[in-house]
Amino acid sequence: MPRLSDNVSLVLMTSIALGTLGGVILTSGARKVAPHERARPEAESAWAGPSRHCLAGSSYRMLGCGRAHLWQAFAALGTLASLASASQWVVETNSFRIREPASAAGDYDAAIGDFGVPLYGGTLVGQVVYVQGNAKGCSLFEKRLPATELPTILLVDRGDCYFIEKAYNAEKAGAKAIIVTDYKDERLLTMAAPEDRPEIAKLKDDITIPTALVQLSVGQKLKDALAGGGKANVVVELDWKESVLHDSERVDWELWTSTNDGCGSSCDRQSIFKVQMRDAAVELQKNGYTTFAPHFMLRKCSYDKDSAECRNNCIHHGRYCAVDSISETYSSKFKPRQVVEENKRQLCVFQEAEQAQAAGLDAAAIETCMADSAEDKDHPLLEADNKAQGDDSWSMTGKKILLLPTVVINGNQYRGRLDVPAVTRALCAGFSETTEPSVCLAGGLEVNECLGESHGCWARGNTSACVDTFRGYLCQCPDGWRGDGVDCQDIDECAEGTASCDQICINEPGSYSCKCREGFQLFGGHAKMGVCFPMDRCRESNGGCEQTCNSQNGEALCSCKDGLRLAKDDKACEDIDECAEGSAKCEHGCRNLDPRTTGLPYVCTCPDGLAMDPADQYRCIKQDAFYAALGAAGGPGGKVGAGTIVGITLAAALIAAAVGLAVHKLRMRHVMQSEIRSIMSQYMPLEGNNLDDALLPGSSPRIKSSAALAKQPSAPPATEEC
């Protein structure tokens, strides 16, 4: 048995072990707490520790974790344990406001239960109902709760059963939230599930409504208002907007957990949550919205470091020990110290993953980080977790992590159901206004307060300055408008020069648009940069041009070939009369032509007795000089001589005859080859009906004969005679 002289944390851990019998009361002040919500006068002096499952571990199996006969054995420790837990346990609260009737109106605090789904970042306004016939809510209601104009919130008294049973029965009866009023005047405490009663603790998975505990005086106000007569309703508001710190655009969150998968329903919930939350957590961190850090709960060994208890449950000579128990199913398969060893390994892997980033994990670095668990010295990562978990000084400002698992968001411990939607909602509540990621504004997590209502914010048509946020709404002028959100004025981006239009800017209410001149195509341009690109105006119908089209700066520029010019429409071409306009280069006469039909803009002419110079089409020369240039003498009257004409004709006839003879000989040779091939194929086999060139006319007869004989195969005899 542990000695009372050991440090106080042992007393606390022992009390936690005891608390699993009815571990549902977690206190925020020095007090004695009933062991659980069933009426047990004989156990009122004992303290019920904050436990989601038996935290003592196998070191305390000898104490009978969760067994009723230990209440008497540890009754004397109850007062000390409650004093220890008072300063260490953190009671997370939400604002509780009585709105009607006016006689009972006021603002108070309510403790958030460690089951159900708190509406972190939001509010719930509802009408209170109190059923006298089942005032404590310990049994199923015979019929559904009376219908109310607002969501029904059930008020029940504390006592006679577990808190979680009250919440389960309330939700089954149709309540949208449950308020438990304390039965004594004391500080607020946290309602938790009795993990030593798995058949009751499993109700946690079926509760989806918010749960809250109010002090006795607040509960009495509600009852008095309900009993006051008249038809006035009792309306209350549960407000979780400030339950999580939200002063930054980045949320820091931690998960205090264990690698132990064999501790019962609590470990099962942890394992499922880690798998289901993984993708969402990675996505939020990858996009810079959150920073995550894993932690593992530890304790120091309260026995001698060389004792069997320390060796079995701890590493590094009793410095770091397991706090979670191992069920009997798994106790023969692994020891608590192996759980701590794996906790350390996961811390090393996480550290290496953060340092390595894209380079990948270094197995050698992880092993170096692990060090030797038998060493008698501190391990930096485990020591850091020990300190982050909370020290053992019982100051009223202590925030020791006592529940396993525990999610911490921006320094606030999360309370409620451990599942992805509920924890994601709590993470979203940690962002400052308007900085939350889009997932936080999904319909399943929050209500869009600006949907169909402007709440006094400026509005014009379908445009409103009401901006929905996770916790509510803000009045903020939309883009393109300026003002305080209540009054917004249009910004003329075109006049102020803030628009990004390439050519033409057109102001619009709350925006602007860009346009391009004809011949340009717009890209972008509606409340954003608009760039004008020139179009190819020649692509369609040649730009309207009769001849050449050239697209420049969004315009089709037409042009014409030599001898033509553009008509007045700048599209068609018309002939230029070079002769009339004096632009022709002719020395004497000039005759205008249309180059579209003749290919020439004009031709020059010569007067009688002169001829066009063969070397210069614009100049006229004497006929004798013209004939001389052609290499022939001029005859009488300027005509060509007969001898010259006869010579030219004879030469042409001789050339034609030679060409005709060559063609005839080639044709006759082709005909002869075809006839020889036909005749020879009747007397000798020709391979593929092809005759060797040596057998054709033009080759030597001897060569033909020898070649033919050499190519003849030796034919086998047609018959055999012997």
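Visitor: Why is cysteine 488 called buried?
Guide: Its relative accessibility is 4%. Buried means under 20% relative accessible area, exposed means over 50%, and partly exposed lies in between (1.4 Å probe, protein chains only). The 4% of cysteine 488 falls under the limit, so cysteine 488 counts as buried.

Visitor: What kind of model is this, and how is it numbered?
Guide: It is a predicted model, in which local features need pLDDT of at least 70 and side-chain atom pairs count only at pLDDT 80 or more, while totals for chains, interfaces and linings use all residues. Residues are numbered from 1 along each chain as its sequence is written, and side-chain values use heavy atoms, with hydrogens and water left out.

Visitor: What makes cysteine 477 and cysteine 488 a disulfide?
Guide: Their S to S distance is 2.1 Å. A disulfide is a pair of cysteine sulfur atoms within 2.5 Å, so the pair qualifies. The angle about the S-S bond is -95 degrees, and the link is left-handed.

Visitor: Which parts of the chain does the pair tie together?
Guide: Cysteine 477 lies in the loop between β19 (473-475) and β20 (481-483), and cysteine 488 in strand β21 (residues 488-490). The pair therefore ties together parts that are 11 residues apart in sequence. Helices (H or I, at least four residues) and strands (E, at least two) are DSSP runs, numbered from the N terminus. Cysteine 477 has 14% relative accessibility, so cysteine 477 counts as buried too.

Visitor: What about cysteine 501 and cysteine 514?
Guide: Their sulfur atoms are 2.0 Å apart, and they form a disulfide. The link is left-handed, with -80 degrees about the S-S bond. Cysteine 501 sits in the loop between α13 (493-496) and β22 (504-508), cysteine 514 in strand β23 (residues 511-515), 13 residues apart. Cysteine 514 has a relative accessible area of 6%, so cysteine 514 is buried.

Visitor: Why is cysteine 606 called partly exposed?
Guide: Its relative accessible area is 25%. That value lies between the two limits, so cysteine 606 is partly exposed. Its disulfide partner is cysteine 620, with sulfur atoms 1.9 Å apart. The torsion about their S-S bond is about -90 degrees, so this disulfide is left-handed. Cysteine 606 is in the loop between β31 (602-605) and β32 (610-613), and cysteine 620 is in strand β33 (residues 616-622), 14 residues away. Cysteine 620, at 10%, is buried.

Visitor: How many disulfides does a search of the whole structure find?
Guide: The search finds 17.

Visitor: Why are helices α9 and α11 called roughly perpendicular?
Guide: The axes of α9 (residues 336-356) and α11 (residues 380-389) cross at roughly 100 degrees and come within 9 Å. Axes are lines fitted to C-alpha atoms, for helices over the stretch in contact, and angles run from 0 to 180 degrees between N-to-C directions. Under 35 degrees counts as roughly parallel, over 145 as roughly antiparallel, 65 to 115 as roughly perpendicular and the rest as oblique. The crossing angle fits the perpendicular range, so the name applies.

Visitor: Which residues make the contact?
Guide: Lys344, Leu347, Cys348 and Gln351 of α9 meet Leu381, Leu382 and Asp385 of α11. Contact means heavy atoms within 4.5 Å.

Visitor: How do you know that β2 and β3 pair?
Guide: Strand β2 (residues 93-100) and strand β3 (residues 106-112) share six bridges, in the antiparallel sense. Pairing takes at least two bridges found by DSSP, so six suffice. Threonine 93 stands opposite alanine 111 in β3. The two strands form a hairpin with five residues between them.

Visitor: How many bridges join β3 to β8?
Guide: Two, and the strands run antiparallel; β8 covers residues 211-214. Isoleucine 112 stands opposite alanine 212 in β8.

Visitor: Which strands close into the barrel?
Guide: Seven do, in the order β2-β3-β8-β6-β5-β4-β9, with mixed pairing. The twist averages 35 degrees from one strand to the next. Five bridges join β4 (residues 123-129) to β9 (residues 235-239), which run antiparallel. Glutamine 127 stands opposite valine 235 in β9.

Visitor: Which strands does helix α6 touch?
Guide: Helix α6 (residues 216-226) packs on the sheet and touches β2, β3, β4, β5, β6, β8 and β9. Its direction makes about 120 degrees with that of β5.
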